Amino acid sequence: MMKQRVKVWDLAVRLTHGALAGLLAALLLTGDEDGWLPLHMRLGVLLLGVVLFRVVWGFVGSPHARFADFVRGPTVVLEAARDMLQGRSRHTLGHNPVGGVMVVVLLGMLLVTAGSGVLLALGPEWRELLPLSPAVVAAVKVAHEAGAAALPVLVVLHVLGVLFSSWLERQNLPLAMVTGWKRGTADSSPLDSPRRRGLGLVLALGGAAATALPLLILLPPRAASAAADVLEPYRVAAQQADSAFQGFDAARGRRLYLQTFSTEAGPTSCATCHTEDPTQPGRSPAGKRLLPLAPSANPQRLSDARTVEKWLGRNCKQVLGRLCTARESGDVLTFLLTTPGAP
Ligand code: HEC
């Protein structure tokens, strides 16, 4: 049969494919550095919007964009996989059944990773909206990290699969995802009326924008997740110590920070060394200059849970004559985390 050039991928499929690839690369690059977190969170929300668009488009898009076109049962998938492995090319105009599985797995994994990331990015606030146990909160973090670790592996498998299929079919499939054209025998899948497609587009865009835009506005300007990480163990411990625990309180933390206790070295407070304004540099009794404690003035502060625990332990013993409770520690840290920087 004569092979002809057939338009397979509509513009929306090609654009979302490119956007997902680009956003995922940027997200993987910005995920590990605290300084990049604000950008990472916003790119993640964009990715979530693009994935949602693609999912809706999988129901209302052009024929080969639809899940119904390429999601097949296990028997068909296994048969197609066997054919591929035996080097037999069978003609599928859209995604072949094995590729279809990969599309669903990738979209699902992107959805899980971006969704859990958005929850983490919203910081502790979202937990107060939903009555969630610490175990669920921890699971959200695990899901995000597992997704972030799995995605590069899946992408490599996806690329290898596409290259292998290109070789089997003797055509450039990556190029087809750019231009939209493939060589093949045109099927007679009827194109939708422009009106129906327009309606589909409005639906997909509307759904994605309705999710992503409010989230973009809600996201805190500063990375909440590093702070949330430092507070998390204290929050769990405070909850265990007192089931009526209502969350940390910056004002209570400030009072403790300024409170003077009598010690062997005379009246002492946290402010004795760190000064009353934690955005200012302090001084140790030995005269050593201490950098400001508030992360707004010194971004390195409170970024490492072990350092925080070590110094809180020492300093509380020195000032209060005992270890701070989990609630006291969380209160003080919340005070330090929420102290705004000098204008
Ligand atoms: C006798 C002086 C002194 C007093 C009093 C003191 N600190 Fe410190 N604090 C230090 C020194 C020294 C360090 C470690 C050097 C550094 O990180 O600048 C430190 C480090 C810290 C850190 C580590 C932060 C980070 O991420 O690097 C925290 C948190 C902290 N102090 C909180 C407190 C609190 C809360 C109090 C009151 C209960 C307090 N400190 C009282 C001297 C003091």
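Q: Before we start, what counts as near a molecule here?
A: A residue is near a molecule if one of its heavy atoms lies within 4 Å of it, and please keep in mind that this is a predicted model.

Q: Okay, so how many residues surround the ligand, and which are the closest?
A: The ligand is surrounded by 18 residues, and the closest of them are C270, C273, H274, R301 and N315.

Q: What does R301 do there, in terms of distance to an oxygen atom of the ligand?
A: R301 has a polar side-chain atom that lies 2.6 Å from an oxygen atom of the ligand.

Q: And L302, which of its atoms lies 2.8 Å from an oxygen atom of the ligand?
A: In the case of L302 it is a backbone N or O atom that lies at that distance, 2.8 Å, from an oxygen atom of the ligand.

Q: What about N315, how far is its side chain from a nitrogen atom of the ligand?
A: An N or O atom in the side chain of N315 is 2.7 Å from a nitrogen atom of the ligand.

Q: Which elements give two or more residues to that shell?
A: Those elements are α12, covering 270-274, and α13, covering 305-320, and it is α13 that gives the most, with seven residues.

Q: How do the residues of the shell divide into nonpolar, polar and charged?
A: There are 11 nonpolar residues in the shell around the ligand, together with six polar ones and one charged one.

Q: Changing topic: how many aromatic pairs are there in the whole structure?
A: A search of the whole structure finds six aromatic pairs. In one of them, F53 and W57, the ring centres are 5.8 Å apart and the planes stand at 15°, so this pair is stacked.

Q: Where are F53 and W57, and are they buried or exposed?
A: F53 and W57 both belong to helix α2, residues 37-60, where they are four residues apart and therefore separated by about one helical turn, and both of them are buried.

Q: What about Y257 and F335, is that pair stacked or tilted?
A: The rings of Y257 and F335 have their centres 5.3 Å apart and their planes at 55°, so that pair is tilted. It links distant parts of the chain, since Y257 is in helix α11 (residues 250-258) while F335 is in helix α14 (residues 326-338), 78 residues apart.

Q: Are those two buried or exposed?
A: Y257 counts as buried because its relative accessibility is 1%, and F335 counts as buried too, at 7%, the cut-off for buried being under 20%.

Q: Which residues form one aromatic cluster?
A: One aromatic cluster is formed by F59, F67 and F70.

Q: And which residue lies over the face of W311?
A: R314 lies over the face of W311, at 4.7 Å from the ring centre, and elsewhere R170 lies over the face of W167, at 5.3 Å from the ring centre.

Q: New one: where is D83, and what does it touch?
A: D83 is found in helix α4, residues 74-85, and, leaving aside residues up to four places away in sequence, D83 touches R88 and R90. With a relative accessibility of 10%, D83 counts as buried.

Q: Last one, is L173 buried or exposed, and what does it touch?
A: L173, which lies in helix α8 (residues 173-179), is buried, with a relative accessible area of 15%. Not counting residues up to four places away in sequence, L173 touches V162, S165, S166 and K182.

How values were computed. Residues are numbered from 1 along each chain as its sequence is written. This is a predicted model: local features need pLDDT of at least 70, side-chain atom pairs count only at pLDDT 80 or more; totals for chains, interfaces and linings use all residues. Side-chain values use heavy atoms; hydrogens and water are left out. A polar contact is a pair of N or O atoms within 3.5 Å; within protein, one must be able to donate a hydrogen and the other to accept it, and residues adjacent in sequence count only if both atoms are side-chain atoms. Ala, Val, Leu, Ile, Met, Phe, Trp, Tyr, Cys and Pro count as nonpolar, Asp, Glu, Lys and Arg as charged, and the others, Gly among them, as polar. Buried means under 20% relative accessible area, exposed over 50%, partly exposed in between (1.4 Å probe, protein chains only). Contact means heavy atoms within 4.5 Å. Rings of Phe, Tyr and Trp (its six-membered ring) pair if their centres lie within 6.5 Å; planes under 30 degrees apart count as stacked, over 60 as edge-to-face and the rest as tilted. A charge sits over a ring if NZ of Lys or CZ of Arg is within 6 Å of the ring centre and within 35 degrees of the ring normal.
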